[in-house]
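Good morning, colleagues. Please take a moment to look at the sequence and the structure before I begin.

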Amino acid sequence: MNCRLHTEGNVALVTPRNTRLDARIADELKDQLLAVVRDGHARIALDLSGVDFVDSSGLGALVAVRRQLEGQGELAIAGVRPAVMKLFRLTRLDRVFRLFDSAPEALAALHN
Amino acid sequence: MAGGAITLSIDSTLDDVALVGRAVRAICRALPGGARAASDVELCVVEAVNNAIEHSYGGLRGQRVDVHFIACDGWVEIEVVDHGRGFGDSGPPCLVAPDVLDEGGRGLYIMHALMDEVTFRRENSCNVVRLTRRLGRRRLPS
């Protein structure tokens, strides 16, 4: 797992280099996102525009970070592709995370 | 490919699951009416293989997971077979929609939601998860 990280104040944009967020990399993704939180970025936009597959373990990693941030920050999701969006809807996680069409939109919302 | 069967076998490591998932999706897409179901079938096969590796084998490498893919008459049937402990004496857990903020427990829910039929059985020291999905049209209501 390898992510690109771009920060603006306490807002971070995290972009996974993997095209799949699955059981193989779920723990690593969670650890990397929590490291971003520990570094002082409580508002995170995760850009999934390059991700074409997510499984239940990948979703579990996102939920774990969301729970860690409860009341202290936010994990927003950007650029979700249709097949992945179907999974967010199926699992009702589209009601848990704020979803944005693009990373710039997510960053703008997190700055406000 | 209008019908037929193929078996894919991998070692019990999460590193190889994507390989099976991509192969299953490609096979499904090659079937008449299969394009629409391909992503759902891939996801459900990945979930079943993940369960075999992480739960039935407890993460132990060096074991075998077989994926039998059968296509016939507008349907696909996939059996995911392992030789681990399976779900134990209690059988598969009851299907309950997980709480939205649970970190785990979504795999079985996803399989049941996206397939027309999901069954579990244990035979000859094997655990078999059978996934069935109709192609081409909307899946049957559950």
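I shall speak about the interface between the chains, then about one helix, and finally about the salt bridges.

Please bear in mind throughout that this is a predicted model.

Let me begin with the interface. About 2000 Å² is buried between chain A and chain B, and carbon and sulfur atoms give 58% of that area. On the side of chain A, the residues that lose the most area to chain B are Arg20(A), Ser56(A) and Leu90(A), which together make up 26% of what that side buries. The contact draws 24 residues from chain A and 23 residues from chain B.

Polar interactions also cross this boundary. Six residue pairs are in polar contact across the interface of chain A and chain B, and the count of salt bridges between the two chains is two. In one salt bridge, the side chain of Lys86(A) meets that of Asp40(B), at 2.8 Å from N to O.

Which elements of chain A supply at least two residues each to the side that touches chain B? They are strand S5 (53-54), helix H2 (56-68) and helix H3 (82-90). H2(A) gives the most to that side, with eight residues. By residue type, the side of chain A that touches chain B divides into 10 nonpolar, five polar and nine charged residues.

I turn now to helix H1 of chain B, residues 17-29. With 13 residues at 1.5 Å a residue, this helix should span 18 Å, and its end C-alpha atoms are indeed 18 Å apart, so expectation and model agree. Its buried residues are Val17(B), Ala18(B), Val20(B), Gly21(B), Val24(B), Ile27(B) and Cys28(B). As a general point, an α-helix has 3.6 residues a turn, so residues three or four places apart point the same way. What covers the buried residues of H1(B)? The cover includes strand S1 (4-11), helix H2 (35-56) and strand S2 (64-72) of chain B, together with strand S3 (20-21) of chain A.

The remaining topic is the salt bridges. Over all chains, the whole structure holds 12 of them. Three examples follow.

The first example lies in chain A, where Arg98(A) and Glu74(A) meet through their side chains at 2.7 Å, N to O. Arg98(A) sits in the loop between H3 and strand S7 (99-100), whereas Glu74(A) belongs to strand S6 (residues 74-78), and the two are 24 residues apart. Arg98(A) has 38% relative accessibility and therefore counts as partly exposed; Glu74(A) is partly exposed as well, at 21%.

The next example is in chain B, where the side chains of Asp15(B) and Arg61(B) form a salt bridge at 3.4 Å, N to O. This pair joins the loop between S1 and H1 to the loop between H2 and S2, across 46 residues. Asp15(B) is partly exposed, at 44% relative accessible area, while Arg61(B) is exposed, at 53%.

In the final example, Glu42(B) forms a salt bridge with Arg25(B), their closest N and O atoms being 3.4 Å apart. Glu42(B) is in helix H2 of chain B and Arg25(B) is in helix H1, 17 residues apart. Is Glu42(B) buried or exposed? With 1% relative accessibility, Glu42(B) counts as buried, whereas Arg25(B), at 22%, counts as partly exposed. Through shared partners, salt bridges join Arg20(A), Asp22(A), Arg25(B) and Glu42(B) into one network.

Thank you for your attention.

How values were computed: Residues numbered from 1 in each chain as written. Chains lettered and ligands numbered in written order. Predicted model: local features only at pLDDT ≥ 70, side-chain atom pairs only at ≥ 80, totals over all residues. Heavy atoms only, no water. Helix = DSSP H or I, 4+ residues; strand = E, 2+ residues; numbered from the N terminus. Expected span 1.5 Å × (residues − 1). Buried < 20%, exposed > 50% of the residue type's maximum accessible area, 1.4 Å probe, protein only. Contact = heavy atoms within 4.5 Å. Buried area = accessible area lost by both parts, 1.4 Å probe. Salt bridge = Lys/Arg side-chain N within 4 Å of Asp/Glu carboxyl O. Polar contact = N/O pair within 3.5 Å; in protein donor to acceptor, adjacent residues only side chain to side chain. Nonpolar A, V, L, I, M, F, W, Y, C, P; charged D, E, K, R; others polar.
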